[in-house]
Amino acid sequence: MARIDFDGPVAAVYQSGRGAPEGGLDGWRAALGHYLPVRGPVLDLGAGTGLYAQLLRSWFGVRIVAVEPALAMLRQAPPEAARVVGRAERIPLAAGSCGAAWLSTMIHHVADLPAAARELRRVLPPGAPVLIRSTFPGDQSRIALYRFFPTAGAVLDTFPSVAQVEAAFTAAGFALHERRRIRQVNAATLAEFHEKVRHRANTTLLAIPDSEFTAGLALLRAAAATETDQPAVSELTLLALR
Ligand SMILES: C[S@@+](CC[C@H](N)C(=O)[O-])C[C@H]1O[C@@H](n2cnc3c(N)ncnc32)[C@H](O)[C@@H]1O
């Protein structure tokens with residue numbers, strides 16, 4: 001079970017609540033350029049609305065297979081991507097059919113991580129990369145959001161740790177190739193950040209009481225009024241396994 005129902009109301013606001021300004025994800029583009037393009041299609045696992053399907057396609061000219069369990073999310077993915085309803089624990093693709101896999105902020109929703117790792121081993125040929133973008137327990141201070149929503153930040157500590165992810169993938173036959181933090185700009189100003197955050201399109205924000213969400217938004221609004229030229233910046237982790 002995912003932590004939240006992505007077929008519910010969050011699907012309608014996800015695109016408005018996420019994403020980054022022009023150039024805000026350049027760090028990811030540079031980091032992923034060490035792995036992409038690849039010969040076969042890139043499996044975007046837990047693709048959501050296809051935010052990254054679109055970017056990976058434009059950055060690297062790769063073909064994308066977007067696999068996603070929530071129809072309300074998947075139907076927003078770009079039509080250029082092959083769109084397939086499915087989940088990580090049982091990927092509905094043939095053995096060896098993809099050239100790489102991209103898992104962006106979805107690993108904490110996977111109920112059976114060892115099964116997902118085994119499935120990725122099956123659909124990727126030997127040596128093909130699994131590229132995981134995520135936040136992990138202890139990362140709170142690196143994420144712009146949690147300055148304003150500390151109780152949501154505490155939810156991060158319930159996410160799988162790097163060690164748990166690595167163990168699941170190692171057991172399936174992968175080895176950790178690279179682990180690094182990548183800086184990204186979530187919004188060019190705190191006012192723009194507020195415009196995104198108010199949609200509450202985030203698992204940890206949905207886990208806190210409404211009163212705490214409202215209080216955090218007020219804090220963010222106050223900061224935006226004084227820190228007018230401050231961008232919202234975060235560091236997420238890239239785990240690359242082969
Ligand atoms: C926070 S969204 C991330 C979407 C997209 N990867 C992105 O970065 O914008 C998490 C996505 O994982 C999907 N998901 C949840 N459980 C999953 C599972 N077991 N296998 C694959 N995807 C899953 C959800 O439906 C949701 O679309």
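Biologist: What percentage of the 242 residues in the protein chain is made up of buried residues?

Modeller: The model is a predicted one. A residue counts as buried when its relative accessible area is under 20%. In the protein chain of 242 residues, the share of buried residues is 54%.

Biologist: Is the protein chain as compact as a globular protein of that length, or less so, and what is its radius of gyration?

Modeller: The chain contains ten helices and seven strands. For 242 residues the globule rule gives 18 Å, and the value for the protein chain is close to that, so the chain is as compact as a globular protein of that length. Its C-alpha trace spans about 55 × 30 × 30 Å along the principal axes. The radius of gyration is 17 Å.

Biologist: Of the contacts in the protein chain with a separation of 6 or more, what percentage is between residues 24 or more positions apart?

Modeller: Contact here means heavy atoms within 4.5 Å. Among contacts with a separation of 6 or more, the part due to residues 24 or more positions apart is 77%.

Biologist: Which residues come nearest to the ligand?

Modeller: The shell around the ligand comprises eleven nonpolar, five polar and four charged residues. Of these 20 residues, the ones that come nearest are Tyr14, Gly46, Glu68, Ala88 and Ser104.

Biologist: Which residue has a side-chain N or O atom 2.6 Å from an oxygen atom of the ligand?

Modeller: Gly46 places a backbone N or O atom 2.8 Å from a nitrogen atom of the ligand. In the side chain of Thr105, an N or O atom is 3.4 Å from a ligand oxygen. The distance of 2.6 Å to a ligand oxygen belongs to a side-chain N or O atom of Glu68.

Biologist: How much of the area that the ligand exposes when taken alone does the protein bury?

Modeller: The ligand has polar contacts such as the one with the side chain of Glu68, at 2.6 Å. Taken alone, the ligand exposes 590 Å², and the part of this that the protein buries is 98%.

Biologist: Why does Thr105 count as buried, and what is its relative accessibility?

Modeller: Thr105 is located in the loop between E4 and H5. Although Thr105 is not a glycine, its phi is positive, at about 40°. The cut-off for buried is under 20%. Thr105 therefore counts as buried, because its relative accessibility is 18%.

Biologist: At the start of H5, which residue's backbone nitrogen does a side-chain oxygen of Asp112 reach?

Modeller: Helix H5 covers residues 113-123, and its buried residues include Leu113, Glu119 and Val123. Among the elements that cover the buried residues of H5 are strand E1 (42-45) and helix H7 (162-171). The side-chain oxygen of Asp112 comes to within 3.1 Å of the backbone nitrogen of Ala115.

Biologist: Which residue is joined to Leu36 by a cis peptide bond?

Modeller: The omega of this cis bond is about 5°. The partner of Leu36 lies in the loop between helix H2 (26-32) and E1. That partner is Pro37.

Biologist: Which residues does Asn202 contact, leaving aside its neighbours within four places in sequence?

Modeller: Asn202 is situated in the loop between H8 and H9. With 18% relative accessibility, Asn202 counts as buried. Beyond those sequence neighbours, the residues in contact with Asn202 are Arg18, Leu145 and Tyr146.

Conventions
Residues are numbered from 1 along each chain as its sequence is written. This is a predicted model: local features need pLDDT of at least 70, side-chain atom pairs count only at pLDDT 80 or more; totals for chains, interfaces and linings use all residues. Side-chain values use heavy atoms; hydrogens and water are left out. A residue is near a molecule or strand if one of its heavy atoms lies within 4 Å of it. A polar contact is a pair of N or O atoms within 3.5 Å; within protein, one must be able to donate a hydrogen and the other to accept it, and residues adjacent in sequence count only if both atoms are side-chain atoms. Accessible areas come from the Shrake-Rupley method with a 1.4 Å probe; for residues, only the protein chains shown count as cover. Ala, Val, Leu, Ile, Met, Phe, Trp, Tyr, Cys and Pro count as nonpolar, Asp, Glu, Lys and Arg as charged, and the others, Gly among them, as polar. Helices (H or I, at least four residues) and strands (E, at least two) are DSSP runs, numbered from the N terminus. The radius of gyration is taken over C-alpha atoms; the globule rule is 2.2 Å times the number of residues to the power 0.38. Buried means under 20% relative accessible area, exposed over 50%, partly exposed in between (1.4 Å probe, protein chains only).
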